[in-house]
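Biologist: Please take a close look at one charged contact in this model, and then place it in its wider setting. I should like the terms explained as they arise.

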Amino acid sequence: MTVFLKLVARLPLPILHGLGILLGWVVYLAPGRHSGRMRTNIFSSGLCKDARACRRLLHQSIAESGKAFMELIAFWLCPYEKVMKLVKGTTGWEHIDAALAAGKGLIIFGPHLGGFEIISQYYAQHHPFTAMYKPPRNPRLGPLMLAGRQRGLCRLVPTDMSGVRALLAALKRGEGIGMLPDQVASSGDGVWAPFFGRQAFTPTLVASLQRKTGAAGFFATAERLSWGRGFHIHILPMHTALPEDKTAAATLINQYSEELIRRFPAQYLWIYNRYKRPGGAPPPPDAAS
């Protein structure tokens, strides 16, 4: 399988994205819950002025979700230098440079939006970067994923207390760490907070890390340019620290995520089961009332 994927990775990005569009529609039309979840997430998001606009966004998102999968093959298997050439520009990166010059640790929040996986690789060209890693369900993909993500000065740590300690140590050294702000939290690290009008179980660990280190926070996405031209990274600085109250912190995290997603709504992974209730978590407020 690895040999085949390496051959696919050699294809130009426009062809990979073209194949991704086909893949997106195959997944959407296949039996299962994916299509229903995607429709529900988009139609309930409040981003569309009417049903026709929601259908248009749905069709665009089907294509973009397929592109997101296919470009991972390039991100993980193409030579590092070639992947970095896919970044055609940045907006707001000077805020990250300023935080680094001030000796602050950095927390980069990357929602499942655009080519989000390229952001850590871009940052790790010149600066140490640490992120948590959860092994995939398919064990054969584990080594491939690790090798593809641990490029440059990037390293991955497990999603346990040793990983938390590694993140804290990296911030204290003035380094950068990465977080997926829209990932469903575990029952021990999350609270319910609104996300596009619905309650989503949102991680809160990062608020504690920021309070302990004074790290600067940034939300980031890699906009997927049309016709396979590459990616443009956008940086959105956080203007306030995350509150001590967990629900308030989670709400602020979701608000920043929403702000980025509203800029490129078709490139968000609406197929992701963002609103599920993890085992051991309390019911959401609207369900409890």
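Modeller: Glu-117 counts as buried, at 10% relative accessibility; buried means under 20% relative accessible area, exposed means over 50%, and partly exposed lies in between, with a 1.4 Å probe and protein chains only. This is a predicted model, in which local features need pLDDT of at least 70 and side-chain atom pairs count only at pLDDT 80 or more, while totals for chains, interfaces and linings use all residues. Residues are numbered from 1 along each chain as its sequence is written, and side-chain values use heavy atoms, with hydrogens and water left out.

The partner of Glu-117 is Arg-149: their side chains meet in a salt bridge at 2.5 Å, N to O. A salt bridge here requires a side-chain nitrogen of Lys or Arg within 4 Å of a carboxyl oxygen of Asp or Glu. This pair links distant parts of the chain, since Glu-117 belongs to helix 7 (residues 117-123) and Arg-149 to helix 8 (residues 141-149), 32 residues apart. Helices (H or I, at least four residues) and strands (E, at least two) are DSSP runs numbered from the N terminus. Unlike the buried Glu-117, Arg-149 counts as partly exposed, at 23% relative accessibility.

By the rule given above, the count comes to seven salt bridges. Another of them joins the side chains of Arg-262 and Glu-258 at 3.4 Å, N to O. Both residues lie in helix 11 (residues 246-263), four residues apart, which is about one turn of the helix. Arg-262 counts as partly exposed because its relative accessibility is 44%, whereas Glu-258, at 14%, counts as buried.

A further bridge connects Lys-67 with Glu-64, where the closest N and O atoms are 3.1 Å apart. Since these two are three residues apart in helix 4 (residues 51-77), they are separated by about one helical turn. Both Lys-67 and Glu-64 are buried. They are also part of a network of salt bridges that links Glu-64, Lys-67, Glu-71 and Arg-224.

Arg-224 leads to the next site, for it is among the residues that Gly-230 touches; the others are Leu-13, Leu-86, Lys-88, Glu-223 and Leu-225, not counting residues up to four places away in sequence. Contact means heavy atoms within 4.5 Å. Gly-230 lies in the loop between strand 8 (216-224) and strand 9, and its relative accessible area is 0%, so it is buried. From Gly-230 to Leu-13 the C-alpha to C-alpha distance is 7.5 Å, although 217 residues separate the two in sequence.

Strand 9 (residues 231-237) runs parallel to strand 1, and four bridges join them; two strands pair if DSSP finds at least two bridges between them. Within this pairing Val-87 stands opposite Phe-231. The wider sheet is open and has seven strands in the order 1-9-8-2-5-3-4, with mixed pairing. Strand 1 (87-91) and strand 4 (154-158) stand at its edges with a single partner each, so one side of each has no neighbour in the sheet. The twist averages 30° from one strand to the next, with axes taken as lines fitted to C-alpha atoms (for helices, over the stretch in contact) and angles running from 0 to 180 degrees between N-to-C directions.

There remains the nonpolar interior. A nonpolar core is a set of buried Ala, Val, Leu, Ile, Met, Phe, Trp, Tyr and Cys residues joined through side-chain atoms within 4.5 Å. The largest such core has 44 residues, of which Met-179 and Leu-242 touch the most other members. At least two residues of this core come from each of helix 3 (34-43), helix 4, strand 2 (106-109), helix 9, strand 5, helix 10 (205-213) and helix 11. Beyond its neighbours up to four places away in sequence, Leu-242 touches Phe-109, Val-206, Ala-207, Gln-210, Arg-211, Ala-249, Leu-252 and Ile-253. A second, separate core of 40 residues includes Ala-74, Leu-86, Phe-218 and Phe-231.
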